[in-house]
Amino acid sequence: MKHLLLFALALTGLFQPLFAQETTLLPDDSVHTLRERVLDQLGRIKLEVYGSINYQNYDWQTFPGKRSTIDLERFVLEPSYRLSPKLMLRAEIEFEHGGTGASVEFDRFEEFGEFEYEIEKGGEILLEQLNLDWKIKKWLNLKIGHFEVPIGMMPFRDEPTDYSTVTISEMETSLLPVNWNENGISLYGNFGKNRQWYYNLSAINGLDNSAFSSAGWVQRGSQKRFEMVNAENMALVGRFDYVGGKENRIGFSGFIGNSTGNRPKPDLDVPAWVGIADFHFLWEFEPFEVAGMAMYGTLSNSEAVSDANRNLSNNLNVKRTPVAAAAAGAFLELGIEVFDLLYKKSGKHPDSELYLFGRYDYYDSMYKTEGEVFNNPRWERHTWTAGLNYDLNPYVRLKAQYAVRKLGIPSANLERSFGLGLGFYLH
């Protein structure tokens, strides 16, 4: 942003003689006024940009023919405009997987080896956020519109330079909507002597249980498939954290909402309440950093939801697989900043950083089932990951990792993956 303002100053200075020559059309005082207006408008604009490109190589016993992939995962623009000292208009525009339109995915596990067409609203250019942010008091802010759901660690570790793995948190993205954003109203703020306590209370539109599945539980329940979002059932979200420094935090969050009324058709006559609770933390003890999260989620009348989903149309593009009454997951990650350790005594720390990490993920999208719904052990997953990050500077991060995932089934249950990633965050 600083460079943009300097560029604008240079332009206005460069063209000032041109304006001054036309004194009859644009006097000196008008040139000065125009220049001040341009600078004022530029000073109100803030633009953040981030993105990631990933390579994955697979050696899966569960899918021996799985091919290596290169994914232009996402390119994100986050513009904001300061309407007044206390009012900000924010947006987030995300370009996913390098294109727009419909994509085709070969689903070996839930579609029994069929090709699945992924058709998203507006293709894969998504308006992830659009909201008004009103700073009423230091401890009270009001956000209205489309915004991130403050559950778990994803809202605070979503830029590629924030997380160490090649892709964003495996446990969270396997059970919860990826880039979980909904429409609603949010009250949030920091309070305390050093503003070390953070809270968030939000009312948002609820999930759609027609897209719930065996593999992902409520992962696909965020309503991004249709032009209009159903708001027959709303949901409540709460979060409370202790914040220490710039990134450190420890706390819990929760979600509760009925998901029946938001189905595409009124074909289910019982409520299906989704409840989610989690405990999370991220703390740095230089040169070490530790992060973790544990979550538990429930779905009422899951057998009725499973029966209703079984009869859905193929055109709806949902899995139509049984849904669990409860899902559970956790992760623990430990990292060390190598250059912080090596250069601690000398004080000659380079601009770059080398970061080594190890991580364990556990998640079971069929943790508990109801009635005649089969508790498929295939959806219990344990993943061990080790890797390194190299920060060229504060804006660009190179990543490498090796991960081994073990499934709950007794044989041919290992999925080994090697990944390389490039992430950047300009702000």
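This tour moves from the whole chain to its aromatic rings and the charges that sit over some of them.

Begin with the entire protein in cartoon view, keeping in mind that this is a predicted model. The secondary structure comes to five helices and 18 strands, and 46% of the 427 residues count as buried. Among contacts with a separation of 6 or more, 65% are between residues 24 or more positions apart. If you switch on the surface, about 21700 Å² is exposed, with carbon and sulfur atoms supplying 61% of it.

Next, display the rings of Phe, Tyr and Trp, where the structure holds 16 aromatic pairs. Select Phe156 and Tyr198, which form an edge-to-face pair at 6.1 Å centre to centre, with 85 degrees between the planes. This pair links distant parts of the chain, since Phe156 lies in the loop between β7 (141-148) and α3 (170-175) while Tyr198 lies in strand β9 (residues 197-205), 42 residues apart. Phe156 counts as partly exposed at 28% relative accessibility, whereas Tyr198, at 11%, counts as buried.

Move on to Phe240 and Phe252, a tilted pair with 6.3 Å between the centres and 45 degrees between the planes. Phe240 belongs to strand β10 (residues 234-244) and Phe252 to strand β11 (residues 248-258), twelve residues apart; Phe240 is partly exposed, with a relative accessible area of 30%. Widen the selection to Phe191, Trp197, Tyr199, Tyr242 and Trp283, which ring pairs link with Phe240 and Phe252 into a cluster.

Finally, return to Phe156 and add Arg249, whose charged end sits over the Phe156 ring, 3.8 Å from its centre. Then select Lys66 and Trp60, where the charged end of Lys66 sits over the ring of Trp60, 4.9 Å from its centre.

Technical notes:
Residues are numbered from 1 along each chain as its sequence is written. This is a predicted model: local features need pLDDT of at least 70, side-chain atom pairs count only at pLDDT 80 or more; totals for chains, interfaces and linings use all residues. Side-chain values use heavy atoms; hydrogens and water are left out. Helices (H or I, at least four residues) and strands (E, at least two) are DSSP runs, numbered from the N terminus. Buried means under 20% relative accessible area, exposed over 50%, partly exposed in between (1.4 Å probe, protein chains only). Contact means heavy atoms within 4.5 Å. Accessible areas come from the Shrake-Rupley method with a 1.4 Å probe; for residues, only the protein chains shown count as cover. Rings of Phe, Tyr and Trp (its six-membered ring) pair if their centres lie within 6.5 Å; planes under 30 degrees apart count as stacked, over 60 as edge-to-face and the rest as tilted. A charge sits over a ring if NZ of Lys or CZ of Arg is within 6 Å of the ring centre and within 35 degrees of the ring normal.
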